[in-house]
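Me: I'd like to go through this one by asking where the labels come from. Can you show me the structure first?

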Amino acid sequence: MGTAASDEELIRLSAAGDRRAFEALVARHELSLFRFATRSCGSPRDAEDALQDGLLAAWRGAATFRGEAAARTWLYQVVIHACRRRQRRRSGEPERLDGLEAAESLPSGERGAEERVADAQLGAALEQALAELPEEAREVLLLRDVEGLSGEEAAAALGVGLAAMKSRLHRARLELKERVEARLRPRQEDGP
Amino acid sequence: MKVENEVTIAGLSCGQVLERLSDYLDGDLSPAAREQLEAHLRGCDRCARFGGELRGVVDALRSHLARTRQLPGGFRERLRRAMDGERS
């Protein structure tokens, strides 16, 4: 499979049963889809299951791809639906990310220890605040601000209009900011 | 959005600035609207601080959370096996 084929071409080949084309498409997007799924589902294990569910649905349904949205957007759509199905199945169970996230946020490089600690704290606060947000808010932040989809792509992936996506994104950012600041603010009892 | 003790600068209230901050950060405002909002920010420390903090959170989301993760070991193989059962 040549690397020059577009995503849309790879989907068309997949629809005709070309597994190598589908695997090439998956290889292009699997990491960003997995990052999205991990934070959308709340745990790496659920994310892996949801990602597999979603990619299988994409493989099964490649022939239904109409090309109205970008192929990447379509892949996010199927993974979003798979995550939502898993979330509904597991509703009532804890969905928080574990402490490993803070360690993953530690940057490499030559920065000072204090800066690295502050950076790790910010990373952990972001992860925790994101995990606490309602599903709609979390999804739009992950698509736009973490994975960098365009406004149009994010709106299509979420199945809403551009104006609705922008409004949702703005509210989500404000809520995230408030939650992150609350987590980073020194507690009264910690003071002198 | 209603903001306590808001002021109006450059024809925009603090609440109107707050409503438009995401569009501003995303570069979605027209040049005239952007200039008007920036004029408010130059004259309003509170909005300027809030906007800077919001930009910081948005930037931090990408810089902290978009770092590459490894796929779980054996993911591709499990997906291949699952695909075998789908359209074989």
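Me: What makes you say that domain 1 and domain 2 of chain A touch?
Reply: Two residues are in contact if their C-beta atoms, placed from the backbone, lie within 7 Å. By that rule, 14 residues of domain 1 of chain A are in contact with 12 residues of domain 2 of chain A. Helix 2 (19-41) and helix 4 (71-89) of chain A each supply at least two residues of that side of domain 1, and helix 4 gives the most, with six residues.

Me: Is this model predicted or not, and what gets counted?
Reply: It's a predicted model: local features need pLDDT of at least 70 and side-chain atom pairs count only at pLDDT 80 or more, while totals for chains, interfaces and linings use all residues. Residues are numbered from 1 along each chain as its sequence is written, and chains are lettered from A and ligands numbered from 1 in the order in which they are written.

Me: Where do the two domains of chain A begin and end?
Reply: Domain 1 covers 7-89 and domain 2 covers 111-185; such bounds come from an automatic or database domain assignment. Their centres, taken over C-alpha atoms, are 22 Å apart.

Me: How many helices and strands does chain A have?
Reply: Nine helices and zero strands. Both are DSSP runs numbered from the N terminus: H or I over at least four residues for a helix, E over at least two for a strand.

Me: Why is helix 7 of chain A called largely enclosed?
Reply: A residue is buried if 20 or more other C-beta atoms lie within 10 Å of its own, exposed if 12 or fewer, and partly exposed in between, with C-beta atoms placed from the backbone. Nine of the 12 residues of helix 7 (residues 135-146) are buried, so the rest of the structure largely encloses this helix. Among them are Arg138(A), Glu139(A), Arg144(A) and Asp145(A). Across the 192 residues of chain A, 40% count as buried. After helix 7 comes Gly148(A), with a positive phi near 75°.

Me: What makes up the side of chain B that touches chain A?
Reply: 23 residues of chain B are in contact with 30 residues of chain A. Helix 3 of chain B gives the most to that side, with nine residues. By class, the side has 13 nonpolar, three polar and seven charged residues; Ala, Val, Leu, Ile, Met, Phe, Trp, Tyr, Cys and Pro count as nonpolar, Asp, Glu, Lys and Arg as charged, and the others, Gly among them, as polar.
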